[in-house]
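Visitor: I would like to learn how to read a model like this one. Could you take me through it feature by feature?

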Amino acid sequence: MGRSMCDLLAEPKRTQLIPGFEETRQAALDNGQSVVVYQVPDLLFFALCKGELIAGLVSEVMKKAFYEAGLNSDTFVSQLNAPGTSILQTN
């Protein structure tokens, strides 16, 4: 899933404009998450993790990496919505 979320055209240029992006993404990857996704222009980052414990750890290392790059950030750990996609009506 991580490889499929990579934008090979836009990401290399956009991430140069985000201080600490590479360090933050690598810190998250090193601590057990599989994907870091960011949204421009709001500069919203999220990581998909297996379990609340790993999510809490990844949240803290991402916050620390951005802080070391000179950026303040807020972190939130949330569950994915359940039950997910479902068929409401068929013809």
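Visitor: Which element has the lowest mean pLDDT, and which the highest?

Guide: A good place to begin, since this is a predicted model. Where pLDDT is low, the predicted coordinates should not be read in detail. Here strand β1, residues 35-39, has the lowest mean pLDDT among the elements, at 65, while α3 has the highest, at 88. For the protein as a whole the mean is 77, and 78% of the residues reach 70 or more.

Visitor: How many helices and strands are there, and in what pattern do they follow along the sequence?

Guide: There are three helices and two strands. Read along the sequence, the pattern is α-α-β-β-α. Of the 91 residues, 25% count as buried. As for contacts between residues at least 6 apart in sequence, 47% of them join residues at least 24 apart.

Visitor: Let us look at α3. What span should its 17 residues have, and what does the model show?

Guide: The check uses 1.5 Å a residue, taken over one less than the number of residues. For the 17 residues of α3 this gives an expected 24 Å, and the end C-alpha atoms are 24 Å apart, so the two agree. After the helix comes Gly70, whose phi is positive, near 95°.

Visitor: Which residues of α3 are buried?

Guide: First the general idea: an α-helix has 3.6 residues a turn, so residues three or four places apart point the same way. In α3 the buried residues are Ala55, Val58, Ser59, Val61, Met62, Ala65 and Phe66.

Visitor: And Lys63, is that buried, exposed or in between?

Guide: Lys63 belongs to α3, which covers residues 52-68. Its relative accessible area is 30%, so Lys63 is partly exposed, given that buried means under 20% and exposed over 50%.

Visitor: What does Lys63 touch, leaving out residues up to four places away in sequence?

Guide: Lys63 touches Ser73, Asp74 and Thr75. Ser73 sits in the segment after α3, and with the same kind of neighbours set aside, Ser73 is in contact with Lys63 and Phe66. Ser73 has 22% relative accessibility and therefore counts as partly exposed.

Visitor: How do I spot places where distant parts of the chain come together?

Guide: Compare separation in sequence with separation in space. Lys63 and Thr24 are 39 residues apart along the chain, with 7.8 Å between their C-alpha atoms. Glu23 and Met62 are also 39 residues apart in sequence, and their C-alpha atoms are 8.5 Å apart. Glu23 lies in helix α2, residues 21-30, and its relative accessibility of 52% is why Glu23 counts as exposed. One more pair is Ser73 and Leu44, 29 residues apart in sequence and 9.9 Å apart from C-alpha to C-alpha.

Visitor: How much space lies in the largest pocket, and which residues are closest to its centre?

Guide: Rolling a probe the size of a water molecule over the atoms shows where empty space is left. In this model the largest pocket holds about 850 Å³ of space. It is lined by 26 residues, and the closest to its centre are Phe45, Phe46, Ala47, Phe76 and Val77.

Visitor: Which element supplies the largest share of that lining?

Guide: The answer is α3, with seven residues. Both α3 and β2, residues 44-48, supply at least two residues of the lining. Sorted by class, the lining has 15 nonpolar, seven polar and four charged residues.

Note on methods:
Residues are numbered from 1 along each chain as its sequence is written. This is a predicted model: local features need pLDDT of at least 70, side-chain atom pairs count only at pLDDT 80 or more; totals for chains, interfaces and linings use all residues. Side-chain values use heavy atoms; hydrogens and water are left out. Helices (H or I, at least four residues) and strands (E, at least two) are DSSP runs, numbered from the N terminus. Buried means under 20% relative accessible area, exposed over 50%, partly exposed in between (1.4 Å probe, protein chains only). Contact means heavy atoms within 4.5 Å. On a 1 Å grid over the protein atoms alone, a cavity is a set of points where a 1.4 Å probe fits but cannot get out, and a pocket is an open set with protein on both sides within 12 Å along at least five of seven lines; lining residues have an atom within 4 Å of a point. Grid points are joined across faces, edges and corners, and a volume is the space filled by probe spheres set on the points. Ala, Val, Leu, Ile, Met, Phe, Trp, Tyr, Cys and Pro count as nonpolar, Asp, Glu, Lys and Arg as charged, and the others, Gly among them, as polar. pLDDT is the predictor's confidence in each residue, from 0 to 100.
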